[in-house]
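The following note concerns the enclosed cavities of the model under review. Please read the points alongside the sequence and coordinates.

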Amino acid sequence: MAEENVVFILLEKILSIFTKNLVNIPAINPLVERLLDIPFLNVLVAFLLWKPIFHVLILPGMIGLTLVLLFIIYFERKITARVQWRVGPKEVSRRTGGVIQALADGMRYFFQEVIVHRDAHAFYFLQFPLISFLPVLLPLLFLPAGGTYGIKSLYAIPIAMALISLIPVFIIAMGWASNSKFAYIGSVREAFMYFAYEIPFILAVVAMILIYQTADPFEIVAKQSIPGVFINPIAFLAFFITVLIATSRLPFDIPEADQEVAFGPYVEYSGILFGLTMMLPYEKLYLLSMLSVILFFGGWNGPAIAPLGDLAPVIWLYIKTIVFMCVVSLARSIYARYRLDQTLKMGWSVIMSMALIALFISAGWVAWLRL
């Protein structure tokens with residue numbers, strides 16, 4: 001009996017911690033209140049609706065990321081097919097136009113055999129696709145969505161940028177662990193492109209931080225009575241192009257280049273490991289799109305929706321992020337691939353110049369406001 005009392009007391013303390021910071025969604029509050037009266041189940045419900053956990057696991061976190069991946073892969077394939085006068089995927093769920101094709105592909109990857117060829121560095125070959133999710137998931141802790149957030153920090157934007165910048169390191173490591181000449185070529189291309197876009201990318205973000213005079217995303221969004229894209233469009237243009245390069249979207253899918261190096265750093269991967277590596281650029285696109293919305297498009301600002309309560313800002317941020325991803329995906333259908341030397345030249349000349357001009361514009365804006 002004493003042990004049972006200790007367990008109940010512990011559960012009550014945990015429940016009290018969670019219930020102090022629950023997501024307030026008026027539309028489902030009556031149901032939540034009933035569930036909170038059920039022993040043991042109340043702890044699980046409170047845990048899932050606890051704002052940090054809701055943000056990281058549900059929306060815009062893991063579940064939100066999964067839904068975006070299922071949608072954006074289908075959307076990209078379908079919109080590209082339409083632009084190029086093709087049909088696109090339709091064999092899976094033909095009546096709905098192949099809408100669950102991405103889910104079917106994921107199931108296929110899951111049940112395929114994972115082959116580790118004899119020349120690969122097996123230990124690293126197997127672990128890099130798995131640990132590459134760390135720099136994908138950790139930035140979600142620092143990119144808030146209105147009242148829900150994982151970790152609140154005055155330096156959330158630089159921290160998220162630093163974590164996102166680690167993703168190419170794992171991609172390069174995958175090519176090295178594959179111990180294949182085609183994977184090696186893809187890794188070298190990834191390294192070259194990393195140096196081509198990273199500095200302009202950082203400068204474009206710094207230009208916006210200079211305008212807002214803060215790196216706190218809450219203050220950045222609060223100050224956007226005028227969206228940042230109108231204040232410094234050059235910074236947005238530099239940011240947008242670097243996002244295309246960073247996520248290996250056409251016209252910059254140079255590391256993969258199917259016709260040349262047969263999916264580059266990931267060429268030796270199969271089964272679920274290939275599925276994980278294929279999703280990595282899309283996950284990076286999700287993070288960069290969310291960062292773009294916070295910096296340039298007012299973040300979670302939008303009309304209040306009373307029945308949704310705390311969920312409304314999350315929904316607005318989520319919708320804006322998906323729209324930005326769709327625009328990026330559309331570029332795949334329009335442009336032909338650049339050569340590596342053309343991309344490097346563009347990164348160190350045109351995009352770098354744009355990023356520096358954006359810095360001067362931001363400095364001029366701040367000086368004008370202080371007059």
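1. In the lining of the second largest cavity, α11 is the element that gives the most, with 3 residues. The structure is a predicted model, and the points below should be read accordingly.

2. The volume of this second largest cavity is about 40 Å³. Two elements, α11 (181-212) and α16, give two or more residues each to its lining.

3. Which residues line the second largest cavity? They are I164, S165, Y197, E198, F201, A246, K284 and L288. By class, the lining of the second largest cavity holds 5 nonpolar, 1 polar and 2 charged residues.

4. With a threshold of 30 Å³ or more, the model contains 2 cavities. The largest cavity encloses about 60 Å³ of space. Its lining is made up of 10 residues, and those closest to the cavity centre are I171, A246, S248, Y266 and P281.

5. Which element gives the most to the lining of the largest cavity? That element is α16, with 3 residues. At least two lining residues of the largest cavity come from each of α10 (167-178) and α16 (271-296).

6. The lining of the largest cavity comprises 6 nonpolar, 1 polar and 3 charged residues.

7. A246 deserves mention under both headings: A246 is among the residues closest to the centre of the largest cavity, and A246 also lines the second largest cavity. Likewise, α16 supplies at least two residues to the lining of the largest cavity and two or more to that of the second largest.

Methods. Residues numbered from 1 in each chain as written. Predicted model: local features only at pLDDT ≥ 70, side-chain atom pairs only at ≥ 80, totals over all residues. Heavy atoms only, no water. 1 Å grid on protein atoms, 1.4 Å probe; cavity = no way out; pocket = protein on both sides within 12 Å on 5 of 7 lines; lining within 4 Å. Points joined across faces, edges and corners; volume = space filled by probe spheres on them. Helix = DSSP H or I, 4+ residues; strand = E, 2+ residues; numbered from the N terminus. Nonpolar A, V, L, I, M, F, W, Y, C, P; charged D, E, K, R; others polar.
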